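This briefing introduces one protein structure to a reader who is new to the subject. Please keep the sequence and the 3D view at hand while reading.

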Amino acid sequence: MKTAAAFLEGLDRKAKVLSRAARTTFEANRELCSWLLDPLARWAEAAYGPEVFDEAARGYAEYCVGVARAKTIYEREGRYTPERMPEIMSGVYEDEGYMIPYMWAAILIYPFWPSMVSHIAMFRDEFIRRLPKNARVLELACGHGVLSLLAAEERPDLQIEGSDISPPAIAVAKRLLAVSGHSGRARFEVKDALKIDGQNGGTKYDGVISGMLAEHLLDPTPLFSTMAHRVANDGLVFFSTALESPQRDHVYEYNWESHPLQMAEHAGLRVSRLASDASAVPKGAKFLPRATAMILRSR
Ligand SMILES: C[S@@+](CC[C@H](N)C(=O)[O-])C[C@H]1O[C@@H](n2cnc3c(N)ncnc32)[C@H](O)[C@@H]1O
């Protein structure tokens, strides 16, 4: 049975130049990163076959190259210069050829980028493990679905609903779900996170997940209202976003940790935990790419 090592060996074969840094991050956080990658390796191989590790490595490499290019343009322009929303919809979220490799990268950055590892720790130790017994969980923009599947793996009592605007991403999530052994307790569907609030008659959830979505929205304010509205009084929200991190589909530029935090507070949430870590930047860079994760609660 494959384990985390299969993803690292995939990088050795297909993305050698990125492999050393990924291994360093993995080795420094082995237990935490294996908690994510071991079950993912099992599900990935069962769903897609043994070639999946090379495909995931290629997806990760393409993504890292795209991020490096976008950073160079950002330093020159002084602001995000994303594509327009219709082009992002057709060229990213609806394009299977783009979206599937992107989804492998989106999950592999958690154990391979130093700026993302604290998100795994917060998600596992301060969100999943603290949810009440038999909790209902809603994941907005679940993409590959792996955060929901890890929650299901860790907590056999949870019921999980995940959604994403991207049909190819939901196809990946459903394929992983089918082999995960959690089909009875999790489901994924295509849905715009900003349209969730008009649906399900205002169902409340003990846990709400919104990982790396806000920066993809022209205006993230309604996302915070949805999270505040959907989380139960004693429930928990796991929220994360990117700051000063340009990408072709990052349309909302956060520059300060206080910015998403204030959006959360204005929506009626309060933060009980916040972690923000930076990526390495060249000397003299104006911007400091960071990823912030928070645990939020109702006020
Ligand atoms: C960087 S990925 C994050 C995936 C996953 N949540 C994670 O943390 O790895 C961003 C996701 O947001 C989704 N997305 C973008 N706009 C959305 C919207 N309005 N509603 C729902 N999903 C959206 C994309 O399809 C993509 O799967």
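In this predicted model, H182 sits in the loop that runs between α9 (167–180) and β3 (186–190). The points below begin with this loop residue, then turn to the whole protein, its two domains, helix α6, the nonpolar core and a residue of helix α3.

**Residue H182**

- A residue is buried if 20 or more other C-beta atoms lie within 10 Å of its own; H182 has 21 such atoms and is therefore buried.
- Leaving aside residues up to four places away in sequence, H182 touches L149, A152, E153 and L177.
- H182 and V117 are 65 residues apart along the chain, and their C-alpha atoms are separated by 25 Å.

**The protein as a whole**

- The protein contains eleven helices and seven strands.
- For a compact globule of 299 residues, a radius of gyration near 19 Å would be expected, and the 18 Å of this protein agrees with that.
- The C-alpha trace spans about 50 × 45 × 35 Å along its principal axes.
- Of the 299 residues, 46% count as buried.
- Among contacts between residues at least 6 apart in sequence, 75% join residues that are at least 24 apart.

**Two domains and their contact**

- The domain assignment divides the protein into domain 1 (4–112) and domain 2 (117–298).
- The C-alpha centres of domain 1 and domain 2 are 18 Å apart.
- Domain 1 and domain 2 each bring 34 residues to the contact.
- On the side of domain 1 that touches domain 2, α3, α4 (52–77), α5 (85–93) and α6 each supply at least two residues.
- The residues on that side of domain 1 comprise 25 nonpolar, three polar and six charged ones.

**Helix α6**

- Helix α6 covers residues 96–112, which makes 17 residues.
- From its first C-alpha to its last, α6 reaches 24 Å, close to the 24 Å expected at 1.5 Å a residue.
- Why is α6 described as largely enclosed by the rest of the structure? Twelve of its 17 residues are buried, so the surrounding structure encloses most of the helix.
- The buried residues of α6 include M99, Y102, W104, L108 and F112.

**The largest nonpolar core**

- The largest nonpolar core has 94 residues, and those with the most contacts inside it are F7, A56, Y60, L108, M227 and V237.
- Helix α6 gives the most to this core, with eleven residues.
- Both domains take part, since at least three residues of the core come from domain 1 (4–112) and at least three from domain 2 (117–298).
- Y60 touches L11, A15, L18, W104, A105 and L108, when residues up to four places away in sequence are not counted.
- Two of these partners, W104 and L108, are also among the buried residues of α6.

**Residue A44**

- A44 belongs to helix α3 (residues 30–48).
- Is A44 buried or exposed? A44 counts as buried, because it has 28 C-beta neighbours inside 10 Å.
- A44 touches V52 and A56, not counting residues up to four places away in sequence, and A56 is one of the residues with the most contacts inside the largest nonpolar core.
- A44 and N255 are 211 residues apart in sequence, and their C-alpha atoms are 35 Å apart in space.

Technical notes
Residues numbered from 1 in each chain as written. Predicted model: local features only at pLDDT ≥ 70, side-chain atom pairs only at ≥ 80, totals over all residues. Helix = DSSP H or I, 4+ residues; strand = E, 2+ residues; numbered from the N terminus. Expected span 1.5 Å × (residues − 1). Core = buried A, V, L, I, M, F, W, Y, C linked by C-beta atoms within 7 Å. Domains from an automatic or database assignment. Contact = placed C-beta atoms within 7 Å. Rg over C-alpha atoms; globule rule 2.2 N^0.38 Å. Nonpolar A, V, L, I, M, F, W, Y, C, P; charged D, E, K, R; others polar.
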